[in-house]
Each structure stands twice: as C-alpha cells, then as structure tokens.
Amino acid sequence: RVWDIESGECDCELQTFDYQHVLSIYVIDNNHIMSAYSDNAILLWDIENEEYEECTYYDDYDYYIDDYTIFDYDIDGILSSVLILNVKEAVSGFHNGSLVIWEIETGRNTRELIGHTDEIISISNLCDGQIVTRSRDTTIRIWDIKDIIQIHILDTGYNNVYLPYMHGMHVLPDVRIVTSCPNNLSIWTEQSYLDEYAREIMSTGDVKISCISNLTNGQIVTGHIDGSIKIWTKESHEWKYDNLKSKDNNPNHITSIVALSNDRMICAYGKILQLYKISSISSDNISNYNIVSVLCNNDNGDIISGYED
C-alpha cells in the first residue's frame, strides 16, 4: 500500500492474488516500485495505474528447494530474504543458507555467495559493492559482490532459530552494523570486524528486540515484542535509552520503524501504522489503551489520537 503520511490515508493498494508474502520493496521513482515475493517473483509496479507492468521469476529457484524441508513444517516458499540491489539485480537468500545474485530482466543466476550453512534471515546494503548478511548459523558475513569474495565473518554467538520474527540487523548511515540477540544490541565497526570483543553491547533488560532502525539524527531506535520503543543515546561512553511508548496490554510486537524528516517516525505493529513526533512523546503521555481513532489537524499538521479509555 502507498500512504499519504500527512493525511494518514492510503492512496492506493497494489494487489495480486497470484503471489505470496512480500519480502522487500525497492523504490525506483515517484510512480514505480519493485516488490519481491517469497515464491521467487519480482514485480514492477505502476503506482498511478495500480497495476504491475512486468513480472520476473528467478530461473534456478527449483534447484534450491528440491528435497528440502524445515522441521517437517510447510512453509510459504523457500526464499527467506530478498534484497533488490537496483533495477537490474537482486540478491536472494534461502532457508538452506544459499545466497545468489541474479538478473531481474532474465531471471538468470549470475553468481553465488558461498559460506552460510543455515537460513538467511537478513540482507542489507553496506557500501558500494558490498552487502552484509545474517544467518541462523550465528554468523554475519560481509561480501564484495563484484569480486564474489567474503571479506569478513562476524560471530554473534547466538542462534536465534526460535525467534522467527526477528531479523536482527540494521546498517547505520555511517556503515556501522547493529545486530540484536534477543535482549541486547551489538554495534560492529571495522575494528570489531577483526576483534569481536571491540564491539559495543547494550542491554535492553528483559524486553526482547523485534526490529532495529535509526533516526535522521543518527540515534538508534529499537522496537520490542511488548509494543515498546526505545531510543538510544551515548553519554560519557555509556549507552542509555528513553522509552517513547509503552503498550503493555498490546500483544503485537513492533515489526518496523521508519525515520521521517521533521522529527517524526512511523512504527508498524499488528495492523496499525502509527506516526510519531519524537520530541513530544514520552511514556508519561501515551495511554496504555488501544487506539480507536486518529485525526490529522490540517492547519498545523498535528496528529490527534483517541483511546479506549
């Protein structure tokens, strides 16, 4: 869905019943996006006309799924993660640890990155010509996708196989890598690539992390399985956090956080997208009751929300 942030209304819904759940979205311009699906399809969408113009499948998909099962459970496709690099190429990660780069136009496999031994749970751009991947084999790996070489292997020391909702990796604008395991954050720099004890570790207490992002000012923000949000600041070599939101009676964990301009961010949980003005929110002025209505004041841009209490 494409949303108008100011009004809170959905401008259009791009829907097809022929494909499985969406793994990633790539914005080309104001009228075109690409979406990658768990059944190995990538669609090119025309937003204005609310229809897709092209559909591509990864040709060698069957090779990676033959005779492969996971804990004897049926799963929606075997692709676990997809990163659309640009309009020409995508990186697909599979439940068996395979990682391939392929051409979107032809569906052909152009190169394979060999190293992971278990499900790929997250793929991100790191810098020019490099990507970073996280797997359930406990490792994070940095790759040069031009020369097809593995540059670094980082060991998180934690196998999050029992936390299927937790992707647990985010790349900051300054190219530091933030990972979660499930009650702490680790920040990896180039120094800690060579010495894992050089990484910074921040504890979230008893609250497990469900997603990681950053604000436009560079601060780290985390969403949690209890519906809470924490913003992290480093003071005198020590990391501290502020709780911006607390919804103890909300069973839905925060699934995604996106930073916007003008001191705002959007958080997704359950079936709700919620817009926040960061500087004006604290745990003291947010109700622990579910939201039942939201209104935008078009005169000044304020958001007004009504609660069950």
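**Strand pairing and surface of a predicted model**

In this predicted model, strand β13, which covers residues 139-144, is joined to β14 by six bridges, and the two strands run antiparallel. Within this pairing, W143 stands opposite Q150 of β14. Both strands belong to an open sheet of four strands, ordered β11-β12-β13-β14 and paired in antiparallel fashion.

**The four-stranded sheet**

- The edges of the sheet are formed by β11 (120-127) and β14 (149-155), and since each of them has a single partner strand, one side of each is left without a neighbour in the sheet.
- From one strand to the next, the twist in this sheet averages 20°.

**The chain as a whole**

- The secondary structure of the chain comprises two helices and 27 strands.
- The chain has 309 residues, of which 47% count as buried.
- Among the contacts in the chain with a separation of 6 or more, 39% are accounted for by residues that lie 24 or more positions apart.
- The chain has an accessible surface of about 16,400 Å², and carbon and sulfur atoms contribute 45% of this area.

**A nonpolar surface patch**

- V22, I25 and V27 together make a nonpolar patch of about 290 Å² on the surface.
- One of these patch residues, V22, is located in strand β3, which spans residues 22-29.
- The relative accessible area of V22 is 43%, so this residue counts as partly exposed, given that the class lies between the limit of under 20% for buried and that of over 50% for exposed.

Conventions: Residues numbered from 1 in each chain as written. Predicted model: local features only at pLDDT ≥ 70, side-chain atom pairs only at ≥ 80, totals over all residues. Heavy atoms only, no water. Pairing = 2+ DSSP bridges. Axes fitted to C-alpha atoms, helices over the stretch in contact; angles between N-to-C directions. Buried < 20%, exposed > 50% of the residue type's maximum accessible area, 1.4 Å probe, protein only. Contact = heavy atoms within 4.5 Å. Areas by Shrake-Rupley, 256 points an atom, 1.4 Å probe, with all protein chains shown as cover. Patch = residues over 30% accessible without salt bridge, like charges linked within 9 Å, V, L, I, M, F, W, Y side chains within 5 Å. Salt bridge = Lys/Arg side-chain N within 4 Å of Asp/Glu carboxyl O.
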